[in-house]
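Hi there,

Here is the structure I said I would pass on to you. Have a look at it first, and then read on for what turned up.

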Amino acid sequence: MFAPRTTPWPLVALFTAGYLAPYLLPTTVGRLDSDLPLSATQAGAVGSALLLSSAAAGFLLASRVERAGARTLARLGLALALLGYGGAALSTAVPAVIAGAVVGGFGSGTATTVAATLIAAQRDPHRASTAGLLSVSALAGAVYLTVPHLGPGHGLPLAAIALTALAVWPLTGRLPVGTPVTPTRHDKARLPHARSGLVLAAAMVCWSLAQNSLWGVSGRIGLEQVHLGEATVGVVFALGLGAGLAGVLAAGALGARLGRAIPIGGGTVLIAACIALSASATDLGSFAAGEIAWNTLYPVVLSYLIGLAASLDPRGRWAVLVGSASSLGTAAGPLTGSVLSAQAGFPVMGAVLGAGLLVIALPMTAVALHTGGRPLLPGAIRRRGGHPAALVAAATGTPTGAIPEIGAPEQPVVEIPVETPAVPAQRAYDKAGSEVF
């Protein structure tokens with residue numbers, strides 16, 4: 001369980017407000033399709049536009065959070081989310097709904113950008129990200145259980161996102177005016193770990209596309225292929241998100257014991273199998289099994305990916321850029337899933353997405369192995385050198401080469417005779433608290 005004194009709850013709330021829209025994507029797209037004069041593909045395209053706007057916010061603001069201030073940007077994002085999603089929920093005109101979804105998506109992306117930047121500055125980014133995923137999974141599960149009983153209409157899930165932004169607004173007063181990380185001469189010049197960051201960002205586009213291609217059409221699979229009612233599908237999703245809570249708790253408890261490579265690589269392989277199972281389901285049992293298992297694994301792997309991105313740069317730039325790359329894949333997911341399922345059917349779509357995940361599991365695992373794979377606290381020294389060692393050097397002014405690498409080849413030790421008697425230990429100190437080196 002997360003201790004109140006160590007968990008940044010305002011940051012967790014902001015994370016929740018930013019991530020809620022993607023979590024509610026199936027019911028949002030499904031209700032746009034059923035309540036407005038839109039086809040399934042067109043409704044998927046609206047969902048993609050929402051998420052693409054969210055990704056654009058991340059790319060635009062990745063390097064501007066420190067300059068503009070975290071609190072200011074967080075409030076801007078929440079205001080845009082409230083106005084955009086609230087306006088889309090109250091309107092029945094398709095152009096107004098699309099415009100509201102795009103504005104709200106930019107607000108969600110802004111909130112997510114600030115949250116990702118601040119998470120990267122935490123002593124334990126993995127702990128903060130798992131707390132955020134725990135919160136958004138719980139809230140999304142509650143919405144899936146509630147919305148089907150409140151009646152039809154496209155506005156209900158959009159209103160839930162808008163009201164969440166409104167509820168989080170008062171907590172922004174406890175966010176820092178700027179980010180808590182002070183730039184140093186070591187990280188002003190360029191992004192550290194450029195190759196690893198680019199590989200991870202490119203892989204995250206494909207990883208998120210596969211996840212949200214399934215998630216964007218999961219409601220249609222349950223309604224059209226398995227022939228379930230909306231309430232039953234909502235219960236399955238809520239159970240899946242509840243299982244996701246257990247998965248996030250397990251990830252938080254597991255922490256760094258297995259590093260990052262095994263959870264990321266092995267988890268992605270298991271997710272591929274879950275997607276294939278869910279997409280080919282023809283009865284409630286297989287559909288529920290696939291969705292619940294997928295929802296259990298997805299936030300676990302995502303939490304390790306967020307922690308991996310955050311570990312690449314203490315200023316949070318890679319966390320934001322990788323998150324925005326993920327949003328690009330997320331944005332293309334609903335449309336990709338709709339097109340694939342319309343052209344080839346749900347089972348073939350699942351097989352294609354699963355095969356793609358197996359391929360991209362390799363570079364993501366390689367990045368996790370290359371960067372050390374363990375979320376360490378500031379001041380720790382990673383095996384084979386690594387980023388935390390660079391942080392120590394930047395904080396103390398010590399050249400990075402002066403920090404030894406654990407596991408490096410031993411240097412020969414030469415004994416040099418000294419004629420001068422050793423200085424008594426009690427004379428190693430001058431004034432109290434001042435060592436003489």
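Let's start with a small puzzle: is Glu230 buried, partly exposed or exposed? Glu230 is partly exposed, with a relative accessible area of 39%. Before going further, please keep in mind that this is a predicted model.

**Salt bridges**

Glu230 makes a good way in, since its side chain meets that of Arg31 in a salt bridge, with 3.2 Å from N to O. Arg31 sits in helix H2 (residues 25–35) and Glu230 in helix H11, so this pair ties together parts that are 199 residues apart in sequence. The Arg31 end counts as buried, at 4% relative accessibility, whereas the Glu230 end is partly exposed.

How many salt bridges does the structure hold? There are 2. Besides the pair you just met, the side chains of Arg220 and Glu224 come together at 3.4 Å, again N to O. These two belong to helix H10 and are 4 residues apart, which means about one helical turn separates them. Arg220 counts as buried at 15% relative accessibility, because the cut-off for buried is under 20%. Glu224, at 42%, counts as partly exposed.

**Cysteines**

On disulfides the tally is quick: the structure holds 0. If you want to look at cysteines anyway, try Cys206, which is partly exposed with a relative accessible area of 39%. Then go to Cys274, which is buried at 10%.

**A loop residue to click on**

Next, go to the loop between helix H10 (194–225) and helix H11 (230–254), where you will find His227. His227 has a positive phi of about 60°, although it is not a glycine. Its relative accessibility is 63%, so it counts as exposed, given that exposed means over 50%.

**Along helix H11**

Two residues of H11 are worth a click. Thr232 lies in this helix and is partly exposed, with a relative accessible area of 34%. Measure from its C-alpha to that of Pro148 in your viewer and you should get 9.2 Å, even though the two are 84 residues apart in sequence.

Leu245 is found in H11 as well, and it is partly exposed at 22% relative accessible area. Its partner for this exercise is Val136: the two are 109 residues apart along the chain, and their C-alpha atoms are separated by 9.2 Å.

**Helices H5 and H6**

Tyr85 has its place in helix H5 (residues 70–90). At 0% relative accessibility, it counts as buried. From the C-alpha of Tyr85 to that of Val102 the separation is 8.7 Å, with their positions 17 residues apart along the chain.

Helix H6 covers residues 94–120, which makes 27 residues. From its first C-alpha to its last it reaches 38 Å, close to the 39 Å expected at 1.5 Å a residue. How much of H6 is covered? Mostly covered is the answer, as 20 of its 27 residues are buried.

**Helix H14**

Now try the same length check on helix H14 (residues 317–344). Its 28 residues should span 40 Å at 1.5 Å a residue, and the end C-alpha atoms are 39 Å apart, which agrees. Where in H14 does the kink lie? Look at Gly333, shortly before the proline Pro334: the kink there is about 35°. Just after H14 comes Gly345, which takes a positive phi of about 95°.

**A nonpolar patch**

Last stop, the surface. Leu52, Phe59 and Leu328 make a nonpolar patch of about 250 Å². Phe59 has its place in helix H3 (residues 40–61). With a relative accessible area of 37%, Phe59 is partly exposed, and patch residues need over 30%.

If you only have a few minutes, I would begin with the Arg31 and Glu230 salt bridge, then find the kink at Gly333, and finish on the patch that includes Phe59.

Have fun with it!

Note on methods: Residues are numbered from 1 along each chain as its sequence is written. This is a predicted model: local features need pLDDT of at least 70, side-chain atom pairs count only at pLDDT 80 or more; totals for chains, interfaces and linings use all residues. Side-chain values use heavy atoms; hydrogens and water are left out. Patches are made of residues with over 30% relative accessible area and no salt bridge: like charges are joined within 9 Å, nonpolar side chains (Val, Leu, Ile, Met, Phe, Trp, Tyr) within 5 Å. Accessible areas come from the Shrake-Rupley method with a 1.4 Å probe; for residues, only the protein chains shown count as cover. A salt bridge is a side-chain nitrogen of Lys or Arg within 4 Å of a carboxyl oxygen of Asp or Glu. Buried means under 20% relative accessible area, exposed over 50%, partly exposed in between (1.4 Å probe, protein chains only). The expected span of a helix is 1.5 Å times one less than its number of residues. The bend at a residue is the angle between axes fitted to the seven residues ending there and the seven starting there. A disulfide is a pair of cysteine sulfur atoms within 2.5 Å.
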